Amino acid sequence: MAAVTPVKFIWKNGELIEWEKATTHVLTHSLHYGSAVFEGIRCYETEGGKSAVFRLEDHMARFLESGKILMMDIPFTVEELCEATLGLIRANELSSCYIRPIAYRGYGFMGVDPTDAPVDVAIACWYWPAYLGPDALANGVDVCISSWRQRSANALPPAAKVAGSYVNSALAHMEAKQNGFTEAILLNEDGKVCEGSGENIFIVRDGILSTPPLSDGLLEGITRDSVMQIAVDLDIPVIEESLVRTDLYLADEVFMTGSAAELTPIGSVDRRVVGKPGGITKELQERFFAIVGGKVPEYEDWLSYL
Ligand code: PPE
């Protein structure tokens, strides 16, 4: 949803290569069968002038877990991937950026069974502005409930951040956009609210923050987890509970979270206004940006400085 601005280097299988040379063969196995696993991470400029990657280790741990679900052995440790990421950002001389680690079944074997195909691992970074448009963080976005259902846990597990899952996300997102909305919210086959095409979702009602449980079929978002911890620290009651679409219509506030989307308020759901961004959303958003910007010492553990 944003044009990529090239930088100098990409990390691939343990070394830095030139951006232009980071190409793949058309018979790359994952290109045909959707089995790549990936992450999305942000690096922010911080108060002291140094930049820091937000929850880098947690993202790399989830990256390996996605590989585990797909029985794809990613031949690097969390520590090695974190080091590689920090080195890559330094080499590209970026102060704030988005980071995209990806592991995929490479070239050499075809057919659905991926087990003989080699596993290639790459990390790219580039500058990525506000995910849902320049005004989204301040003014909120209009969303709809998708006519597409969320991929189910026994078909294409939402717990794995796998490329093929994003066909489902893209169908929902394109439909929403064509109907004049910024983002789509997917329900599972039971009608329970799951998540946006690339974000988790929260509501606030009567001062209580709530978000669907993982068992309803959604990605265990690292921003979701961060917001839940921040809420506890701010004495905002937070619960995980199944939600149906009318819970969104009747909420006092609704917002979405994600590494790309950060903490984006929602202004309306299916054209029902859900309140101007403010209140608890604003409080959490301000705290979130203060934390990623290195202004809150209690959360230094979440930051990996360059
Ligand atoms: N659900 C989905 C389906 C999802 O893709 C994301 C992240 C989240 C929830 C939030 O997870 P986390 O980033 O850990 O808080 N989506 C990534 C990809 C977006 C894209 O368009 O590409 C992201 O935010 O980086």
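Colleague: Which residues come nearest to the ligand, of the 23 around it?

Modeller: This is a predicted model, and the ligand in it has 23 residues around it. Those that come nearest are Tyr-98, Tyr-131, Tyr-166, Thr-223 and Ser-259.

Colleague: How far does a polar side-chain atom of Tyr-98 lie from an oxygen atom of the ligand?

Modeller: A polar contact is a pair of N or O atoms within 3.5 Å. An N or O atom in the side chain of Arg-100 is 3.0 Å from a ligand oxygen atom, and at Ile-222 a backbone N or O atom lies 2.7 Å from an oxygen atom of the ligand. For the polar side-chain atom of Tyr-98, the distance to a ligand oxygen atom is 2.5 Å.

Colleague: How much of the ligand's accessible area does the protein cover?

Modeller: The ligand sits in the largest pocket. On its own the ligand has 550 Å² of accessible area, and the share of this that the protein covers is 94%.

Colleague: Which domains each give at least three residues to the shell around the ligand?

Modeller: Helix H2 (56-69), strand E6 (97-105), helix H6 (222-233) and strand E14 (253-258) each supply at least two residues of this shell. At least three shell residues come from each of domain 1 (9-126) and domain 2 (136-292).

How values were computed: Residues are numbered from 1 along each chain as its sequence is written. This is a predicted model: local features need pLDDT of at least 70, side-chain atom pairs count only at pLDDT 80 or more; totals for chains, interfaces and linings use all residues. Side-chain values use heavy atoms; hydrogens and water are left out. A residue is near a molecule or strand if one of its heavy atoms lies within 4 Å of it. A polar contact is a pair of N or O atoms within 3.5 Å; within protein, one must be able to donate a hydrogen and the other to accept it, and residues adjacent in sequence count only if both atoms are side-chain atoms. Accessible areas come from the Shrake-Rupley method with a 1.4 Å probe; for residues, only the protein chains shown count as cover. On a 1 Å grid over the protein atoms alone, a cavity is a set of points where a 1.4 Å probe fits but cannot get out, and a pocket is an open set with protein on both sides within 12 Å along at least five of seven lines; lining residues have an atom within 4 Å of a point. A molecule sits in a cavity or pocket if more than half of its atoms lie within 2 Å of its grid points. Helices (H or I, at least four residues) and strands (E, at least two) are DSSP runs, numbered from the N terminus. Domain bounds come from an automatic or database domain assignment.
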